Amino acid sequence: MADVFYVYRHVGKRTGQTFYVGKGHGNRAHAIGGRSHAWGEAVDDEGGFGVVFEATDLPEADAKNLEARLIEKYGRRADGGALVNVRTSDNAPPSSGKVPRAFGMEPALLERLERWIATQPVAPSKTAVLETALNEWLDRQEGAAPHDGKNVR
């Protein structure tokens, strides 16, 4: 018998907002392995995640179509939307050059950053804080006007 698939959304425990859409079978919706760096940051920022099943018992082609429609509906963060999805669907290549990359950071600095984030009334993501700080530092190094926070030069 062919595998049956489902389409699911990951929602943040803190905000209840959808941050990821996927398709899968078996335990994929609850799995934490094989996820992007951005997905891990979203889970950290949200204090965990819940799973909402959009549809179950689907043939794979129907699951792929529904997944793509939901990704289009919510939009990817790389394109100004809400989702950390890297791809626009299960088998599509990334549609922008913004693929999350992991890098190392001194543990003491990371702890300091996390403590600061915890004190903020609306906690920003680690990525947003680091991008802002890096853009400001580069602007100072290059003697440029302050960065507007919207686009990397």
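Two strands count as paired if DSSP finds at least two bridges between them. I keep that criterion at hand for the hairpin below; the model I am reading is predicted.

**Entry 1, the hairpin.** I looked up β1 and β2 first. They pair in the antiparallel sense, over six bridges. I traced Val 11 across the pair and found its bridge partner in β2 to be Thr 18. Five residues lie between the strands of this hairpin, and Gly 16 takes a positive phi near 75° there. I then asked how many residues of β2 are buried. The count is seven of seven, so β2 is largely enclosed by the rest of the structure.

**Entry 2, overall layout.** I recorded four helices and three strands in the protein. Along the sequence they follow the pattern β-β-α-β-α-α-α. Of the 153 residues, 31% are buried. I noted an exposed area of about 9800 Å², of which carbon and sulfur atoms supply 53%. Taking contacts between residues at least 6 apart in sequence, I found that 46% join residues at least 24 apart.

**Entry 3, helix α1.** I examined residues 37-46, which form α1, and listed Ala 38, Trp 39, Glu 41, Ala 42, Val 43 and Glu 46 as buried. Against which elements do the buried residues of α1 pack? I found β1 (5-12), β2 (18-24), β3 (49-58) and α4 (126-142). Just after α1, Gly 47 has a positive phi of about 70°.

**Entry 4, Asp 57.** I checked phi again in strand β3, where Asp 57 lies. Most residues other than glycine have a negative phi. Asp 57 is not a glycine, yet its phi is positive, at about 55°. Is Asp 57 buried or exposed? Its relative accessibility is 60%, and exposed means over 50%, so I entered Asp 57 as exposed.

**Entry 5, α3 against α4.** Two packed helices are described by the angle between their axes and the distance between the axes. For α3 (residues 107-118) and α4, I noted an angle of about 110° and axes 11 Å apart. Since 65 to 115 degrees counts as roughly perpendicular, I described α3 as roughly perpendicular to α4. On the α3 side, the contact is made by Leu 110, Leu 113, Glu 114, Trp 116 and Ile 117. Lys 126, Val 129 and Leu 130 make it on the α4 side. I sorted the residues of this contact by class: six are nonpolar, none is polar and two are charged.

Methods
Residues are numbered from 1 along each chain as its sequence is written. This is a predicted model: local features need pLDDT of at least 70, side-chain atom pairs count only at pLDDT 80 or more; totals for chains, interfaces and linings use all residues. Side-chain values use heavy atoms; hydrogens and water are left out. Helices (H or I, at least four residues) and strands (E, at least two) are DSSP runs, numbered from the N terminus. Buried means under 20% relative accessible area, exposed over 50%, partly exposed in between (1.4 Å probe, protein chains only). Contact means heavy atoms within 4.5 Å. Accessible areas come from the Shrake-Rupley method with a 1.4 Å probe; for residues, only the protein chains shown count as cover. Axes are lines fitted to C-alpha atoms, for helices over the stretch in contact, and angles run from 0 to 180 degrees between N-to-C directions. Angles under 35 degrees count as roughly parallel, over 145 as roughly antiparallel, 65 to 115 as roughly perpendicular and the rest as oblique. Ala, Val, Leu, Ile, Met, Phe, Trp, Tyr, Cys and Pro count as nonpolar, Asp, Glu, Lys and Arg as charged, and the others, Gly among them, as polar.
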